[in-house]
Amino acid sequence: MRDHKALINWRLQPRIAVATITALAAIMPCPLAAQNSEQLISSISQAQREESFQFNIPAGPLAAAILELARASKINIAIPSHLISAQQSPAVQGEMTIELALQALLSNSNLQLSWQNEQLLLSEKDHIAAEKITATPALPPPGEDHYRPIEEVIVTAQRYRQNLQQVPIALSVIDDIQIASAEINDLQEIAYRTPGLSISSYSLGQPSIHLRGIGSNDDGAAMDSSVVLFVDDVYIGRISNIDLDILDVQQVEVLRGPQGTLYGKNSIGGAINIRTQQASSDKQLRFKLGFGNYNSRQLQFTASGAVDELEQWQARLTADHQYRDGWQNNLVRSGDKQMGKIKTRLRGQLRHQFDEQIDADWNLDFSRDDLNSTGRIPVSARVPLNRQDHNGSALPTQLFAELGGNYENATNDLAGYTDRTIWGGSQRLRWQREQWQLSSISAYRQSQFDWLEDSSGLPASATAQTVDLNVTESYREYSQEFRFQWQAREDWRLIAGIYYLRELTRRKETFFFTGAEAVSQQFNVTQNLALFGEIEWDIDDRNHISIGARYNYDKKTLNQSALNGNAPAIILEDFEHRQSNSWQDFSPRLTWRHQLQDELMVYSSIAEGIKSGGFQGVPGNIEAAQRIIQPESAWQYEMGLKAQWQNRWRLNLATFVTRYQDLQVVQFRTIDNFGVFETTNATSARLSGIELEAVFSPNSHWSFNGSYAYLHARYDRFLAADGRDYKGSILRQSPEHTANLSANYQSNIDDGLFSGKLNWHLGVQYQGESYREPNNQITIQPAITLLDSKLSWQPMDKPWKLSIWGKNLSDRAYITHLYVLGGNDYALYGTPRTFGLSLEATL
C-alpha cells in the first residue's frame with residue numbers, strides 16, 4: 001500500500017506543482033500592483049549623512065549595487081523597483097559618504113538625487129515628480145505603527161552580485177545576521193534550515209552530504225562527493241578537507257540541483273558557496289567569550305582595519321578556540337568521557353587596492369581538531385554474535401543492554417580519537433574596467449587526518465566478533481581559475497573561464513579483528529581541466545534567457561594494495577594493483593526567467609550535472625579493485641517562482657524533476673557477521689519534489705522565516721551485485737519531508753536598569769525518516785525534531801552584548817549517523833541539550 005501511494009504521489013506531483021505556480025502567478029499581481037513605495041519613509045540623521053564608509057562595489061546591475069551599498073553602510077534602502085530594475089552602475093571604490101556613493105552609482109542612469117530636510121529624494125532627470133529613497137536604522141523607533149522591512153539579499157550564485165529574487169535558481173541563503181541570532185556554528189545546523197539538504201558524518205573527516213536526494217558515501221581515495229563546497233571561490237574537493245564548522249562567515253548560499261556549468265564536476269547534487277567576512281579600512285576589534293554546560297568554553301578574537309595611512313592595504317584576522325568535555329560516559333573504561341572536543345581555528349586576509357581598477361587579496365586559514373572517542377551504539381539487531389564466554393550467542397543490542405548501555409553510556413573498550421589539521425591559502429587578483437572584469441584565483445590546500453574508532457561499540461569481554469578501525473589520510477590540492485566577465489551592452493552579459501585542479505590523496509585503512517589485522521592502502525592522483533561559459537540575454541524588460549555549458553576532462557591514477565592479515569572479512573585476499581582512467585563531459589544549462597511584475601518572477605531551467613568516475617574504496621579482492629566506477633549524470637527540469645510584497649513578505653517556490661543515470665552506490669555485504677564493501681553503478685533513478693521558503697515581517701518587532709521540502713526519490717532500475725532488485729526503493733539519506741520555522745523578536749527598552757536593544761530567536765527544525773541502504777527494510781534513521789533559542793541584550797549606547805542560548809532544548813535523543821555492520825545497525829547520536837552564555841564586545 002505504501003508503494004502504491006508513493007506511485008500516485010509521483011504521478012500527481014509535477015502537475016500539482018505546475019498548477020500551484022500558475023495559480024500563484026495569477027493571483028499575485030493584485031497586491032503587487034497596489035504596493036506603495038512610500039510606506040517605508042523615514043529620515044537619515046545628520047550624523048549618518050556626514051559619516052564616511054569604505055565601499056568596494058563592482059560594476060553591474062544598479063539594484064544589486066545599491067543593496068551592496070546598503071549593507072556596507074549598515075542602513076536599509078528602499079527604492080521603487082521600476083526605477084532601477086533595468087539599469088547598470090559603474091564600480092564604486094573608496095571611502096566616501098552615502099550620498100557621494102549613491103551619486104556615483106547613479107552616474108550612468110536617468111536618475112538624480114536631492115535633499116529635503118533630512119530626507120533623501122530620488123527623481124528621474126527632467127521630471128518634476130520625485131519619489132523618495134528611504135534609509136532607516138535597522139530597527140524602527142518604538143511606538144511607530146509600521147513594520148521592519150525585509151532585508152534584501154545579495155548573492156554571488158552566478159559568479160556576480162545579484163538580488164536573490166532575480167536569480168533563476170533554487171537558492172537558500174543564511175547570512176551573518178541569521179548565523180548570529182540563531183548561534184549557528186556548523187554546516188549541520190545550516191542543513192537543518194535548508195530545504196532538501198542532509199548532512200551525516202561517520203566521523204569528523206568523513207561527512208556524507210546529500211542534496212535533493214543526491215549524494216555519495218564511498219570515501220575511497222579515488223571517489224568524490226556529489227555536493228561541492230566553495231569557500232571564497234575556492235573549491236574544497238576532498239571530504240576529509242571539509243571543515244563543517246564555520247568561522248567569520250558573511251553568508252552561506254546553498255544552490256540546489258546540478259550546477260555543472262559554473263561550479264564544475266561533482267556539483268551534480270548542488271553547491272554550497274561560503275563567503276567569509278572581508279577586510280576593510282573600518283577599524284574593528286571584537287572579542288567573544290563563551291561558557292556553557294559540559295564545561296564548554298570559547299574565546300574568539302577579530303581585528304580588522306587599514307594597515308597604511310592611505311588605506312590601500314586592509315587586513316582582517318580572526319582566531320577562535322573552543323573546548324568542551326565529553327557528554328557520553330564510558331561504562332567499560334570507568335571515568336572516561338566521550339564526545340569531547342578541542343578545536344583551534346585561524347582565518348586571515350590581506351587586501352590591497354593598487355588603483356581604481358586593480359585589487360588583490362590573500363587568504364590564509366588553519367584548523368586543528370582534537371577529539372576523543374565517539375561511542376557507537378547498536379540500535380537494531382538481526383544477526384547474533386558469539387559470546388566471549390562461549391555460552392551461546394546474543395544479538396548486539398542484547399549484549400549492549402546487559403552491560404547497562406544507552407546512548408549516554410557507551411561500552412566500547414577502545415580509547416578512540418580524531419586528530420585533523422587543515423590549512424590552505426589563496427590569492428585573488430581582479431582587474432576591473434567599465435565593461436569587463438578579469439579574475440585570477442589561485443589556491444593550495446592540505447590536510448592530515450588520523451582517526452581511531454571502535455566500530456561495533458562492544459568490548460572484547462562481551463564478544464570476540466568486534467572490529468576497530470584506524471584511518472590515516474593526507475591530502476593536497478592545487479587549483480587555478482581564470483574568469484572573464486563582460487558586459488559591453490546593457491542587454492547581455494558574458495562569463496567565461498578556464499579551470500585546472502590537481503589532487504593527491506594518500507589513504508590507509510586498518511581493520512583490527514581479534515587476532516587479525518587487515519590493511520587497505522590507496523594513493524590517487526586526480527587531474528581536472530575545464531572550460532566554461534554562459535551568456536545571459538535580456539530579450540526585453542520582462543524576459544531574460546541564459547545559455548551556458550562546461551567541458552570537463554578528468555583523469556585519475558590509483559595505486560593500491562591490500563593485506564588480508566588472517567582477517568575474516570573486509571579484505572579477502574592480498575593484492576597490489578595500479579590503474580588509470582579518464583572521462584570527458586559536456587554539461588549544458590538553459591534558463592528562462594520572466595518578470596511578471598517588479599517584485600514577481602517566474603523561471604524554468606534545464607540543466608545537466610556530472611559526477612566524476614573513480615575506483616572503489618577498500619575493495620575486498622582484486623576483482624573489485626579492477627572495477628571502474630562510471631561517472632554519474634543527471635538531467636534536471638526545474639520551475640520556480642520568486643515573489644515579494646512591499647518588503648514585508650517574501651515567497652520562493654521551486655519544483656523539479658531529475659532523471660539520474662549510473663548512481664554510485666556503496667553497500668556493505670554481510671559475510672560471517674562482518675562483510676565486504678561493494679560499490680556499483682545503479683542503473684537509474686528518478687527524483688522530484690517541491691520546495692518552499694518564506695519570510696514575513698508583520699510589524700516592527702517580529703519577523704518569521706520558514707521552509708518546507710517534499711522529496712520523492714526512487715530507484716528506477718537497480719540490480720545490486722548480490723542479485724537483489726531494488727527497483728522502487730527510496731534513495732539513501734533522502735527524507736520525504738523536511739521543514740523549519742523560526743521567529744525573531746527585537747525591541748528597544750527605553751528606560752530602567754535594562755534599557756537597550758533586546759533580540760530573541762526561537763527555532764524548530766524537522767527532518768523526516770530516511771534510509772541508509774537500498775534495502776529499505778533495514779538501517780532506517782528515525783525522524784529528527786530539534787528546538788533552539790537565543791536571547792541577546794545590548795545596553796543602550798554600549799559596545800558590548802550579552803547572550804544566553806540553548807540547543808536541543810527538549811533534550812531529544814536523536815541519531816546523526818546510522819550504518820550497517822555485519823547485518824546489524826549501529827548509530828552515532830547527536831549532542832543532548834546544551835546551553836551557554838556569551839559576552840561580545842566591539843572596540
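User: What is the order of the strands in the open sheet of three strands whose pairing is antiparallel?

Analyst: This is a predicted model, in which local features need pLDDT of at least 70 and side-chain atom pairs count only at pLDDT 80 or more, whereas totals for chains, interfaces and linings use all residues. Residues are numbered from 1 along each chain as its sequence is written, and side-chain values use heavy atoms, leaving out hydrogens and water. Strands are DSSP runs (E, at least two residues), as helices are (H or I, at least four), numbered from the N terminus, and two of them pair if DSSP finds at least two bridges between them. On these terms the antiparallel sheet has the order β26-β51-β50.

User: Which residue in β51 stands opposite His817?

Analyst: The edge strands of this sheet are β26 (377–380) and β50 (815–821), each of which pairs on one side only. β50 pairs with β51 (residues 824–829) in the antiparallel sense over six bridges. Within β51, the residue opposite His817 is Leu828.

User: Which residue stands opposite Asn330 in β29?

Analyst: A further open sheet of three strands, with mixed pairing, has the order β23-β22-β29. Because β23 (337–338) and β29 (409–410) stand at its edges with a single partner strand each, one side of each is left without a neighbour in the sheet. Strand β22 (residues 328–330) pairs with β29 in the parallel sense over two bridges. Opposite Asn330 in β29 stands Ala410.

User: How many residues are there in the largest nonpolar core?

Analyst: A nonpolar core is a set of buried Ala, Val, Leu, Ile, Met, Phe, Trp, Tyr and Cys residues joined through side-chain atoms within 4.5 Å, where buried means under 20% relative accessible area, exposed over 50%, and partly exposed in between (1.4 Å probe, protein chains only). In the largest such core, Leu187, Leu229, Ile272 and Ile274 touch the most other members. Elements that each supply at least two of its residues include α8 (187–192), β15 (227–231) and β18 (270–276). The number of residues in this core is 26.

User: Which residues does Leu187 touch, not counting residues up to four places away in sequence?

Analyst: Leu187 is one of the residues that touch the most other members of the largest nonpolar core. With contact taken as heavy atoms within 4.5 Å, and residues up to four places away in sequence not counted, Leu187 touches Ile199, Leu229, Asp243, Leu244, Ile246, Ile272 and Ile274.

User: Within what arc do the buried residues of α6 fall, seen down its axis?

Analyst: Helix α6 (residues 98–105) has as its buried residues Ile98, Ala101, Leu102 and Leu105. The arc is that of the directions from the helix axis to the C-beta atoms. The buried residues line one face of α6, because the arc within which they fall is 100°.

User: Is Asn266 buried or exposed?

Analyst: Asn266 is found in the loop between α9 (260–263) and β18. Its phi is near 70°, a positive value in a residue other than glycine. With a relative accessible area of 1%, Asn266 is buried.

User: What distance separates the C-alpha atoms of Glu434 and Ala91?

Analyst: Glu434 is found in the loop between β30 (417–432) and β31, and with a relative accessible area of 64% Glu434 is exposed. Although Glu434 and Ala91 are 343 residues apart along the chain, their C-alpha atoms are separated by 7.2 Å.
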